[in-house]
Amino acid sequence: LPNDKVPAYLLNLDDSYRHALVVDASRSRLYVYQNRAGIPVRVADFYVTIGKAGAGKQKEGDNRTPIGIYTISGFKTPKELGDFYGTGAFTLSYPNEWDTRQGRGGHGIWIHGSPGNNYSRTPRAREGCVVLANDDLTRLGQYIQAGKTPVVIADQVEWVAYEALDARRNDLAAALDQWRQDWESRDTARLLGHYSASFRTGSQDLQTFGASKNKVNATKSWIKIGLSKVSLMLYPERPDFALITFEQDYQSNNLSDRTVKRQFWSRENGRWKIILETSL
């Protein structure tokens with residue numbers, strides 16, 4: 001594995017993320033990256049087993065491991081689970097909002113240990129989970145913040161030089177900042193230019209979202225948007241697709257509020273656009 005290369009996905013991790021995990025299904029490896037001032041540095045890697053039908057989960061029972069970006073949501077102890085899961089299981093936030101929108105099913109995708117009597121594992125042996133040797137799972141635990149640590153699962157990781165990471169980061173960060181500025185301008189048409197025609201947020205499509213923005217903007221004499229704790233990640237297996245998370249500080253003449261947002265962005269005809277947004 002080239003030491004001077006990094007996975008193409010971890011463009012910028014906010015300081016609150018200490019580590020990120022990247023699974024390369026084709027190599028049966030899980031790589032641990034430490035976040036050093038936003039730059040990913042590899043600190044460990046482990047042999048893993050994935051779903052027996054490979055990667056790219058679509059539905060319940062297809063024996064595939066999902067491809068995407070997830071969060072480690074918690075930990076289940078051997079007491080809760082029994083011996084099949086070895087020293088325990090880190091639960092993953094599959095399906096995420098994008099999976100749900102794509103109609104992907106299934107649940108209970110975990111990173112877990114191995115049964116006590118299991119000494120050898122083929123690279124594809126499971127129902128869709130990512131499985132490690134028990135000692136490795138214990139070692140992995142030291143890098144994990146439950147509810148926080150991102151996990152990128154790719155069929156084949158794309159490796160790039162650090163400079164390529166910089167260029168991609170700057171490109172996406174510029175699109176995000178332009179969106180912020182155009183929102184502040186109170187020019188609804190300019191703001192809506194940042195959204196895909198297939199945009200969704202909650203039950204709203206682009207049309208209903210646009211109409212409500214128009215109405216709100218009419219009541220504003222000024223708007224100020226601050227973005228903090230920004231994380232930028234490119235999606236595996238889909239060039240030109242990204243997940244951005246941030247804290248949004250919204251202030252205007254008649255309202256101020258703070259929201260945590262997750263946005264999926266898609267590049268359409270050379271321009272980054274928001275295709276899905278969730279406020280947490």
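Mentor: Start with the rule for strand pairing: two strands count as paired if DSSP finds at least two bridges between them. Helices (H or I, at least four residues) and strands (E, at least two) are DSSP runs, numbered from the N terminus. Keep in mind that this is a predicted model: local features need pLDDT of at least 70, side-chain atom pairs count only at pLDDT 80 or more, and totals for chains, interfaces and linings use all residues. Residues are numbered from 1 along each chain as its sequence is written, and side-chain values use heavy atoms, with hydrogens and water left out.

Trainee: Okay, let's try a pair. In which sense do strand 7 and strand 12 pair, and over how many bridges?

Mentor: Strand 7 (residues 68–76) and strand 12 (residues 150–154) are antiparallel partners, with four bridges between them. For a residue to click on, take Ile 69, which has Val 152 in strand 12 as its bridge partner.

Trainee: What is the strand order in the open sheet of eight strands?

Mentor: Read across, the order is 5-4-3-12-7-8-9-11, and the pairing is mixed. The edges are strand 5 (39–47) and strand 11 (130–131); each has a single partner strand, so one side of each has no neighbour in the sheet.

Trainee: And the open sheet of seven strands: what order does that one have?

Mentor: That one goes 2-16-17-18-19-14-15, again with mixed pairing. Its edge strands, strand 2 (10–12) and strand 15, each pair on one side only.

Trainee: Which strands does strand 14 pair with in the parallel and in the antiparallel sense?

Mentor: Strand 14 (residues 195–201) runs parallel to strand 19 (residues 271–279), joined by two bridges. With strand 15 (residues 204–205), strand 14 pairs in the antiparallel sense, also over two bridges. Arg 200 shows both contacts nicely: Leu 276 in strand 19 stands opposite Arg 200, and Asp 205 is the bridge partner of Arg 200 in strand 15. Thr 201, meanwhile, faces Gln 204 in strand 15.

Trainee: What connects strand 14 and strand 15?

Mentor: The two strands make a hairpin with two residues between them, and Gly 202 in that turn has a positive phi of about 55°.

Trainee: On to helices. How far apart are the end C-alpha atoms of helix 4?

Mentor: The yardstick is an expected span of 1.5 Å times one less than the number of residues. Helix 4 (residues 162–184) has 23 residues and should span 33 Å; its end C-alpha atoms are 33 Å apart, so the two agree. Just after helix 4 comes Arg 186, with a positive phi near 65°.

Trainee: Which residues of helix 4 are buried?

Mentor: Use relative accessible area: buried is under 20%, exposed over 50%, partly exposed in between (1.4 Å probe, protein chains only). Among the buried residues of helix 4 are Leu 165, Arg 169, Leu 172, Leu 176, Trp 179 and Trp 183. An α-helix has 3.6 residues a turn, so residues three or four places apart point the same way. Ala 167 is also in helix 4, but Ala 167 is partly exposed because its relative accessibility is 49%. The C-alpha atoms of Ala 167 and Leu 11 are 9.3 Å apart, although 156 residues separate them along the chain.

Trainee: Which strands does helix 4 lie across?

Mentor: Contact here means heavy atoms within 4.5 Å. Axes are lines fitted to C-alpha atoms, for helices over the stretch in contact, and angles run from 0 to 180 degrees between N-to-C directions. Helix 4 lies across strand 2, strand 14, strand 16 (223–234), strand 17 (241–252), strand 18 (256–268) and strand 19, at about 155° to strand 16.

Trainee: Last topic: how many salt bridges are there?

Mentor: The test is a side-chain nitrogen of Lys or Arg within 4 Å of a carboxyl oxygen of Asp or Glu, and the count is 18. Glu 97 and Arg 262 form one, at 2.7 Å from N to O. This pair links distant parts of the chain, with Glu 97 in helix 2 (residues 97–101) and Arg 262 in strand 18, 165 residues apart. Glu 97 is partly exposed at 22%, while Arg 262 is buried at 14%.

Trainee: How close do the N and O atoms of Asp 240 and Arg 267 come?

Mentor: Their closest N and O atoms are 3.0 Å apart, in a salt bridge. Asp 240 sits in the loop between strand 16 and strand 17, and Arg 267 is in strand 18, 27 residues apart. Both are partly exposed, Asp 240 at 35% and Arg 267 at 27%. Elsewhere, salt bridges with shared partners tie Asp 177, Arg 180, Glu 184 and Lys 224 into one network.
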